[in-house]
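Biologist: Let us go through this model step by step. I ask, you reason, and each answer closes on what I asked for.

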Amino acid sequence: MRRDEFTEMRAFLEVAQERSFTRAASKLGVTRSALSHTISALEARLGVRLLSRTTRDVAPTAAGARLMESIQPHFESIAAGISALGALRDKPSGQVRLVCPDDAVELVFRSRLPAFLRDYPDITVELIVDNGFTNIVERQFDAGVRLGEAIARDMVAVRIGPDISYAVVGSPEYFAARPVPSTPHDLTNHNCVNLRLPTSGALYAWEFEKDGREFSVRVEGQLVMSNIGPAINAALDGAGLSYVPRELVRQYCDSGQLNEVLADWAPTFQGYHLYYPSRRHPSPAFSAFVEAFRYRHR
């Protein structure tokens with residue numbers, strides 16, 4: 001394959017995977033117009049349209065999907081072969097790309113990343129915060145992070161954190177004007193901070209359990225957030241009650257800035273796991289990352 005043909009194929013694959021000329025151009029380090037010209041030249045040379053372009057989306061045509069299916073494994077093999085060269089070094093090198101929820105950054109990675117980066121100076125880590133169910137294969141992530149019960153069975157799952165308990169919290173100022181709820185159903189009379197689920201677009205129903213019985217309560221309030229961090233800040237500011245991981249608000253509860261309610265009803269979920277396709281051959285850099293962050297019960 002000539003160099004220009006390789007460049008065209010790689011350009012096509014990036015656009016098809018990203019479904020965006022802008023994002024693909026950024027990854028390839030070229031301008032959007034140059035990338036568009038490259039794709040047009042490839043389509044002209046092959047005599048078939050590979051991408052369907054609209055004002056809102058870019059998607060492979062039938063011919064494009066067939067070409068993508070044919071060439072993608074070869075590019076993945078090339079990338080794996082280059083990454084494997086890192087095994088010949090004294091220490092692994094390369095990039096590890098992850099997608100994870102915002103609270104996982106605080107609960108899992110923040111305290112442990114500095115030591116990992118010091119131990120592996122030739123590895124770069126990219127953490128993309130996304131609370132939705134991102135397709136890690138299409139987006140070319142090495143792995144994703146989810147709670148244990150949310151991982152598909154065809155994925156390899158490696159536990160990286162302990163079980164997570166959730167808490168309903170509010171500020172003393174908030175409770176000064178409102179009664180403390182005695183059961184989860186009392187939350188329907190409170191101003192609650194909702195969390196929008198990015199994948200479905202629905203509002204998250206707060207989950208509770210007691211005496212082996214699990215149930216959910218759909219709450220209402222004036223604020224809707226997309227991330228845990230702002231929901232905690234809203235509770236601190238007295239804007240309403242928030243439903244968040246207990247570990248993230250422990251310091252505020254200990255200092256009296258927040259009060260936890262309904263503690264007897266608080267549920268516990270499986271901890272966060274790294275997940276990735278079983279068919280993917282991990283690079284030395286990713287293997288080192290997995291081993292460093294693997295959760296070991298204390």
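Biologist: Which residue of E5 stands opposite Val 99?
Modeller: Strands (E, at least two residues) and helices (H or I, at least four) are DSSP runs, numbered from the N terminus. Strand E3 covers residues 94-100 and strand E5 covers residues 143-147; they pair in the parallel sense over two bridges. Two strands pair if DSSP finds at least two bridges between them. Opposite Val 99, in E5, stands Gly 144.

Biologist: What pLDDT do side-chain atom pairs need to count?
Modeller: Residues are numbered from 1 along each chain as its sequence is written, and side-chain values use heavy atoms, with hydrogens and water left out. This is a predicted model: totals for chains, interfaces and linings use all residues, local features need pLDDT of at least 70, and side-chain atom pairs count only at pLDDT 80 or more.

Biologist: Which residue of E15 stands opposite Leu 147?
Modeller: Strands of a sheet pair through backbone hydrogen bonds, either parallel or antiparallel. E5 and E15 pair in the antiparallel sense, over four bridges. Leu 147 stands opposite a residue of E15, Tyr 272.

Biologist: Which strands stand at the edges of the five-stranded sheet?
Modeller: The sheet is open, its pairing is mixed, and its order is E4-E3-E5-E15-E6. An edge strand here has a single partner strand, so one side of it is left without a neighbour in the sheet. That description fits E4 (123-129) and E6 (155-159).

Biologist: How many residues of E5 are buried?
Modeller: Buried means under 20% relative accessible area, exposed means over 50%, and partly exposed lies in between (1.4 Å probe, protein chains only). E5 is mostly covered. The number of its five residues that are buried is five.

Biologist: At about what angle to E3 does helix H5 run?
Modeller: Angles run from 0 to 180 degrees between N-to-C directions, and axes are lines fitted to C-alpha atoms, for helices over the stretch in contact. Helix H5 (residues 102-109) lies across E3, E4, E5 and strand E15 (272-277). Its angle to E3 is about 120°.

Biologist: Which strands does H10 touch?
Modeller: H10 packs on the sheet, and its direction makes about 50° with that of E3. Contact means heavy atoms within 4.5 Å. The strands touched by H10 are E3, E4, E5, E6 and E15.

Biologist: Which helix gives the most to the largest nonpolar core?
Modeller: A nonpolar core is a set of buried Ala, Val, Leu, Ile, Met, Phe, Trp, Tyr and Cys residues joined through side-chain atoms within 4.5 Å. The largest has 42 residues, and those with the most contacts inside it include Phe 109, Trp 206 and Phe 289. Six of the core's residues come from the top contributor, helix H10 (residues 284-293).

Biologist: How many residues does the other core have?
Modeller: This core lies apart from the largest one. Among its members are Met 9, Ala 11, Leu 13 and Val 58. Its number of residues is 20.

Biologist: Is H2 roughly parallel or roughly perpendicular to H3?
Modeller: Two packed helices are described by the angle between their axes and the distance between the axes. H2 (residues 21-28) and H3 (residues 32-46) pack at about 100°, with axes 9 Å apart. Under 35 degrees counts as roughly parallel, over 145 as roughly antiparallel, 65 to 115 as roughly perpendicular, and the rest as oblique. Therefore H2 and H3 are roughly perpendicular.

Biologist: Which residues of H3 make the contact with H2?
Modeller: H2 brings Phe 21, Thr 22, Ala 24, Ala 25 and Leu 28. From H3 come Arg 32, Leu 35, Ser 36 and Ile 39.

Biologist: Is Asp 211 buried or exposed?
Modeller: Asp 211 sits in the loop between strand E9 (206-210) and strand E10 (213-217). Its phi is near 55°, a positive value in a residue other than glycine. With a relative accessible area of 76%, Asp 211 is exposed.

Biologist: What relative accessibility does Gln 140 have?
Modeller: Gln 140 is in the loop between E4 and E5. Its phi is also positive, near 60°, in a residue other than glycine. Gln 140 counts as partly exposed because its relative accessibility is 29%.
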